[in-house]
Amino acid sequence: MQNRDKFTTSLGVLTATLGSAVGLGNIWKFPYFTGQYGGAAFIVIYLICVVLAGIPVMVSEFVIGRRANSNPVGAFKKLAPGSAWYLIGYSGIAASFLIMLFYTSVAGWVYSYIFRALGGTFINTSPETTVGVFGKLITSYYEPIVWQIIVLIVVSSIIIAGVQKGIERMTKTLMPILFVLLLLCDIRALTLPGAQKGIEFLFKPDFVKLNREVIIIALGLAFFKLSVGMGTMVTYGSYFDNRQNLPATAIKVALSDILVSMMAGLAIFPAVFAFGFEPDAGPGLLFITIPMVFSKMPLGNILLTIFFLLTAIAATTAMMSLLEVPVAYLVEEKGFSRPTATIMSAVTIALLGSTASLSADAGSLLGTVKIFGKTFFDLYDYISSNILMPVGGLFTVLFIVWILGKKSLALELSNNGQLNNKGVVNLFYTVVKYITPLLIIIIFLDSIGILKF
Ligand code: PHE
């Protein structure tokens, strides 16, 4: 592949990468975790995890992708020929498929809620109606699958259009829209009488709630949030040109991602408290509490539509980066055309993903089928987030230190000597050599139950 499609501008690099990071993780996971695990205290721990594990793995992936100019499997084959390191690439492809199986399902619910909100389903709604609407959707035998297929058609069309004409162009348009819509929701939520309580709930540190489990949750969230440990950032890094400052890009993405998470929290919690709802509703927060909260506001219906629209945008740009991983592999390693590779991947995800859609609730068709004690839906999430991503992230930083080596790393981080950043290189090397692997090993062993403090 001599003429690989690339991102053409630094802005495109930033919006595409941020588009991958910002997703369903920001809109409900981050605010919900923050609320449940001690507000500002959790945010502090999360930030530490982002700095010591999330950003280092992201930079490492950029380095591997750009240096090899290749998809994750091809990249490790190129940089460490004749070794088994390319298996990290396959683990990434497996993880991206598994995440897509349930992520497209939840994204389908979000898409459907745009139209439900627009159609007035939640105007003057009661708790019973809201719970009923969500329950009916996720236990239906066909509706979630139809939406999941619609989601896949949207994402596939963008991916088929290419890295530049699809991913770069779409994220350049969509990310600013997402930001403005979120700002609108923030302004409305923060000007409600009683908003103060929600702000306190989010930002008042409560160190009493901090414990070992919280640290592990924060680290896991940092991985999922920044889309690292599964080849996404290797793939996107391979579309960066030699002028991009890799550490600076990772830091900008991480900071903007945190900003979006905070803004989502500020759109949700002040409103939740202002209308006397419970903040810790978990998955239901997005699909049950939010519609009820917005229905009580003046112009709530329009705002609710906007809220689900921005959530759909966030989820869609994240899914683009997930689908790009197998597509880049199939095109470069297996010689398929981009449309064929995309359609093959999307059809596989649709077929297997229906098992996630049909097992999202105990009342779903496959809701009682358990494998290793988990439903299909939970199993896909568990294997990808708790096993493949931490292991992938760990081996990625090990690869940087032990295989690529400090010299090549310094060349890549300084854009072949063009940037004068020796200090950054030294600091980065020390972190990926000692701190990041240790942190990941601890969370991984704990999450699979080998290590118990
Ligand atoms: N970062 C995305 C989110 O927060 C999820 C994601 C994970 C996307 C891994 C790509 C790769 O929703």
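User: What makes the pair formed by threonine 8 and the side chain of glutamate 168 a polar contact?

Analyst: This is a predicted model, and in it the backbone nitrogen of threonine 8 sits 2.7 Å from a polar atom of the glutamate 168 side chain. The cut-off for a polar contact is a pair of N or O atoms within 3.5 Å. With 2.7 Å between the two atoms, the pair therefore counts as a polar contact.

User: Okay, and is glutamate 168 buried or exposed?

Analyst: Buried. Glutamate 168 belongs to helix α8, residues 163-190, and its relative accessible area is 1%. Buried means under 20%, so glutamate 168, at 1%, gets that label.

User: Why is serine 364 called buried?

Analyst: Same kind of check. Serine 364 has a relative accessible area of 6%, and the cut-off for buried is under 20%, so the label fits. You'll find serine 364 in the loop between α15 and α16. A polar atom of the serine 364 side chain also lies 3.1 Å from the backbone oxygen of isoleucine 138.

User: And what makes isoleucine 290 buried?

Analyst: Isoleucine 290 has a relative accessible area of 1%, so it is buried, given that the label needs under 20%. Isoleucine 290 is part of helix α13, which covers residues 284-295. How about its place in space? Isoleucine 290 and threonine 130 are 160 residues apart along the chain, and their C-alpha atoms are separated by 9.6 Å.

User: Now the ligand. How do you know that leucine 24 makes a polar contact with the ligand?

Analyst: Take the distance: a polar backbone atom of leucine 24 is 3.1 Å from an oxygen atom of the ligand. The limit is 3.5 Å, so the pair counts. Phenylalanine 224 offers a backbone N or O atom 2.8 Å from a nitrogen atom of the ligand. Serine 227 uses its side chain instead: an N or O atom there is 3.1 Å from a ligand nitrogen.

User: How much of the ligand does the protein bury?

Analyst: 100% of it. On its own, the ligand exposes 330 Å², and the protein buries that whole area. The space the ligand takes up is also the largest cavity.

User: Which elements give two or more residues to the shell around the ligand?

Analyst: They are α1 (10-21), α2 (24-36), α5 (87-118), α10 (212-225) and α14 (300-334). The largest share, 3 residues, comes from α2. There are 16 residues around the ligand, and the nearest ones are Ala21, Gly25, Tyr103, Phe224 and Lys225.

User: What classes of residue does the shell have?

Analyst: It has 8 nonpolar, 7 polar and 1 charged residues.

User: Let's go to the loops. Why is asparagine 124 called exposed?

Analyst: Exposed means over 50% relative accessible area. Asparagine 124 comes out at 69%, so it is exposed. Asparagine 124 sits in the loop between α5 and α6 (127-139). Its phi is near 50°, a positive value in a residue that isn't glycine.

User: What about phenylalanine 372: buried or exposed?

Analyst: Exposed. The relative accessible area of phenylalanine 372 is 77%, and the cut-off is over 50%, so the label holds. Phenylalanine 372 is in the loop between α15 (338-357) and α16 (376-413). It isn't a glycine either, yet it has a positive phi of about 50°.

User: Why is glycine 120 called partly exposed?

Analyst: Partly exposed is the range between the under-20% and over-50% labels. Glycine 120 has 21% relative accessibility, so it counts as partly exposed. Glycine 120 lies in the loop between α5 and α6. From glycine 120 to serine 414 there are 294 residues in sequence and 54 Å in space, C-alpha to C-alpha.

User: And what makes lysine 209 partly exposed?

Analyst: Its relative accessible area is 37%. Buried would need under 20% and exposed over 50%, so lysine 209 is partly exposed. Lysine 209 is located in the loop between α9 (195-203) and α10. The C-alpha atoms of lysine 209 and leucine 352 are 39 Å apart, with their positions 143 residues apart along the chain.

Notes: Residues numbered from 1 in each chain as written. Predicted model: local features only at pLDDT ≥ 70, side-chain atom pairs only at ≥ 80, totals over all residues. Heavy atoms only, no water. Near = heavy atom within 4 Å. Polar contact = N/O pair within 3.5 Å; in protein donor to acceptor, adjacent residues only side chain to side chain. Areas by Shrake-Rupley, 256 points an atom, 1.4 Å probe, with all protein chains shown as cover. 1 Å grid on protein atoms, 1.4 Å probe; cavity = no way out; pocket = protein on both sides within 12 Å on 5 of 7 lines; lining within 4 Å. Sits in = over half its atoms within 2 Å of the grid points. Helix = DSSP H or I, 4+ residues; strand = E, 2+ residues; numbered from the N terminus. Nonpolar A, V, L, I, M, F, W, Y, C, P; charged D, E, K, R; others polar. Buried < 20%, exposed > 50% of the residue type's maximum accessible area, 1.4 Å probe, protein only.
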